[in-house]
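Good morning, everyone, and thank you for making time for this short talk. I would like to walk you through a few side chains, going slowly from the surface to the aromatic rings.

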Amino acid sequence: MKTVDGRERPAERRVQRPFLLSQRLALQLDRAVAAAIALLIFVTPLFADADEPWRFTFLEMLCFLLAALWAMRALLTPQKVGANRRTACRCGLPLMLFAVIVAAQLISLPPPLLRLSSPSTYRVYEQSLAGWPQRIPYRDLTAGAANHGASAQQPERKTQKSKEVSVANSLRRSISLAPGVTRRTALKFLAFAALFFLVAFYPFGFIQRQEDLVSWCRRAVIAVLTIGMVIGIVGLLQRSTDDDRSLWLFLAHDPRFDFSSFRASAFFENPDHFANYLDLILPFAIAGFLFPRALSWRRYELACRCLCGFLTLVLIAGLIASASRAGWIAGMLSLICLIWLARYIPVRQRPALLTLHGRWRLLAPVVAAGALLTALAIAGPFARSQADSRISPTQARDDLTYRLEAAKDSLKMVRDFPVLGVGLGCWAELFPRYCRPPWSAVWWAETHNDYVQTMAETGIAGFLCMAWFFWRVGREVYLRRPPANSAIFPIFAAIIAAIAAGAYHEFFDFSFHTPANAFLFTLWVALGLRIAIGADSRSVVQRSARWNSRWLFAGAAAGALILMFAALTQGDEPFFPYEVDRLETPADVRAFMLAHPGDSRAHLILLRMMAGRWTPDEMDDEAERALWLEPTNPLARDIHARVLLGRNQRELGLGEITRSIFYSPTPASHFYLTADRAIGLARDERAAVEQGFRMAVEQHFPDAVFGLGDYYQSLGEPSKEAESYMAGAAQESDTYLGAQYLLRAGNAYLRARQWSNAEKALSKAIQLEPDSSAPYQALVMAYASSKQIVEARTVIKGAREQGVEVFPLYTALAQVQMNSGDSAGAIDSLLKAARRHPDDFMTLYNLGQLFIQRQQYDRAVMWLKRAAAVNPRSVDTLCALAGAQQSSYDFFDAERTYKKALTLDPHNGAIRRAYEELERRVQQAEAERQKLQ
């Protein structure tokens, strides 16, 4: 267009409408991402049970979707980066190398290359898969199924070369012992990695605005505190009483459930994971109480302090109710860390509680003690009693030893698989090979030490990558930490305290295998890094063409969508220990073996299926494979021992029996130690079994003494049984176990009719456990069986003086007196028992029967009526009551009682005949009365 003077008018600059539209879309994406993070904060505790695969699937899909949205946002608007780009690269490089290591574990390698890269993995395949690598393992189990479904008119023909290629491909194996498990675990790792980078580096548009960063962090922390209060209150409601009145929302009613031993867990499967989740929130509640301005404005300061103080009490009470020792220590560690970091805050900004001087300093521990006492009161009496039992030195020592032994045994796995490990998520597949005896029917799914488990699964290379990542993040956070006088420093200090608590807890548990705990820990690590980046004045906003490559972001979006699809289609296979009971055919077992070659249970199932179809040599070969994978398994070793005995290799077979008993000193785990088979063992086999038990007792294996005693009981040798328990009690330092051994010894002496030895054993048991009624009861029976009634009553008197419940003692004495025909003494004992428990049915019923025997029918009717009131559906009680009423000439009440009994059991012929006989006698009596008139 030309102007009036004929010159060219410059083109008017138009408004960039697409750019404005992209800004609006970016704003909507920012809101969607923030809302999704808030949704994860509130939802993950409800998905705390990691045994449900779909819950992890939801979390993974949402994380990958957010990563895709991030890439789409970068395509819409230029990415603002600066020094944080370098931080992202430094933190991302270790995770990228870790992902490369995991990817290398999933590559299918030919046998020679696999042997070169991981000799121990090659050894596992060679020992567990029959015929590998020379031939396809267990191909004969699916014979006839290969051509199933093939067309009969057009048979498929393959050349020799194609067959060789097919066989070679079938023999390829990966470094990961269970590639399916590794792929599923790798998706979890990638999901949490995406979440970390999302929270730490997502450009919400306030990279340089400190006020917006503080506001966003406040909202995230307040959301976590809100759901933490809900979870803590739910956990306390679970543990408020010892019955099911407060548990109807969480547990199905089961009369067999022991609510007295129930530990609070809210929506978590494991109470220790529940405690870990509370530990990750507790520092923020304390920080909100001490520094309310960090979470609210000045006008809401008092309300924020009150709410955070209440939440602190709820969280501490929840920790007490969880009865998690590691959770308690982690909570104290987080508190110490928070107070230590608060010392860097200027004195004028500290709360009054942290600036006390002189004698006023004692006020701080007084306030802490008062908070602890209040939390104990909130937790309730049952939680307090359970917490007291959990901190007993014996239980704490045994539990710690139990967990440390698993970690030590896992170091042997690290020794055999030092570079690349056994495969991410595959620790449980091969741990039975390294687990020390005794054998346990409970499978280890985790090692209770995630540091050692990571080293075993990914080797030293993977462990160093993860250590490098956390060192890199920690260094960035330390070097770029916010000033101590900033408004966000209390939140930053709480983040450091929560991370320290979570890192400590992982030494003794596997809490991060739960989605809620892993998510919250990832959130705090990423948020701490984001705060450090936002507080660093060197984070200058720049543009970088290389960083803003559209192809890069398009590829990232496509990759995130692919991973989301992979998470959606990964299936809902159960986690370890899987569902091996569903393996019904040999073909199913073969498929499970190829997918999990380190699992010995498939070989044991195959032995059971092929019994009678395989030769003894084939059974022995399969048993040896199971033994190589799980040396302590009693079933595989017992089968191997039987094959050796069948070959007349007597000495070797007996040695295997001894080792099998030593590894598993429990008669129930050996098929030849049942009550009907143990007697049929040969003399040398009995000697081998006994030697195995004694070796286990010398090593102080749990339940070894009980196993030896049960073995002698099945042989019908009560004297040897009692001697074994007495020997175990002499070597036992635990008073409770010593009392149990002595009690078992006393009962065995009673069966052997050795009254004096029984008296000595039970008297020692009473000395060890004076508050338990069981040894008193056994001693009463010992005295009563030897006709020493006076001594039995003396024992009962002593038990009453010790505050022991004497009701079972009187009933035990009455039972012996009834068996010996002393009805008068039995009545006296039962009357004393009835005074203490007037509603005990058996006591009332036995009293009625004894008075019937003594022909005191009026008193019998009285006690039987009370028994019928306690249990109105007892037909035997009604029949006895009717008979007593009939004998006391109360025919009208007897007739009515018989009718009640017939209503409960109308097909009982004896009751009907007795009723008809009563009717006949009543009619006969009525006829005689009329004649007399």
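Let us begin with Leu97, which is partly exposed, because its relative accessible area is 36%, and partly exposed covers the range between under 20%, which is buried, and over 50%, which is exposed. Please keep in mind as we go that what you see is a predicted model.

Where does Leu97 have its place? Leu97 is found in helix 3, and together with Leu93, Met96, Val100, Trp468 and Trp471 it makes a nonpolar surface patch of about 590 Å². Two elements, helix 3 (83–106) and helix 17 (450–479), each give two or more residues to this nonpolar patch, and helix 3 provides the largest share, namely four residues.

Let us now turn to the aromatic rings, since the structure holds 27 aromatic pairs. One of these joins Phe98 and Phe189, whose ring centres are 4.8 Å apart and whose planes meet at 55°, so the pair is tilted; the reasoning is that stacked needs planes under 30 degrees apart and edge-to-face needs over 60, and the rest count as tilted. Because Phe98 lies in helix 3 while Phe189 lies in helix 7 (residues 179–201), this pair ties together parts that are 91 residues apart in sequence. Are Phe98 and Phe189 buried or exposed? Both Phe98 and Phe189 are buried.

A second pair to look at is that of Phe196 and Phe469, where the ring centres are 5.2 Å apart and the planes stand at 80°, so this pair is edge-to-face. Phe196 belongs to helix 7 and Phe469 to helix 17, so here the pair ties together parts that are 273 residues apart in sequence. Phe196 is buried, because its relative accessible area is 4%, and Phe469 is buried as well, with a relative accessible area of 6%. If you follow these two rings outward on the screen, you can pick out one aromatic cluster, formed by Phe196, Phe197, Phe201, Phe469 and Phe470.

Finally, I would like to show you charged side chains placed over rings. Arg433 lies over the face of Trp628, at 3.8 Å from the ring centre, and the charged end of Arg601 sits over the ring of Trp443, 4.4 Å from the centre of that ring.

Conventions
Residues are numbered from 1 along each chain as its sequence is written. This is a predicted model: local features need pLDDT of at least 70, side-chain atom pairs count only at pLDDT 80 or more; totals for chains, interfaces and linings use all residues. Side-chain values use heavy atoms; hydrogens and water are left out. Patches are made of residues with over 30% relative accessible area and no salt bridge: like charges are joined within 9 Å, nonpolar side chains (Val, Leu, Ile, Met, Phe, Trp, Tyr) within 5 Å. Accessible areas come from the Shrake-Rupley method with a 1.4 Å probe; for residues, only the protein chains shown count as cover. A salt bridge is a side-chain nitrogen of Lys or Arg within 4 Å of a carboxyl oxygen of Asp or Glu. Buried means under 20% relative accessible area, exposed over 50%, partly exposed in between (1.4 Å probe, protein chains only). Rings of Phe, Tyr and Trp (its six-membered ring) pair if their centres lie within 6.5 Å; planes under 30 degrees apart count as stacked, over 60 as edge-to-face and the rest as tilted. A charge sits over a ring if NZ of Lys or CZ of Arg is within 6 Å of the ring centre and within 35 degrees of the ring normal.
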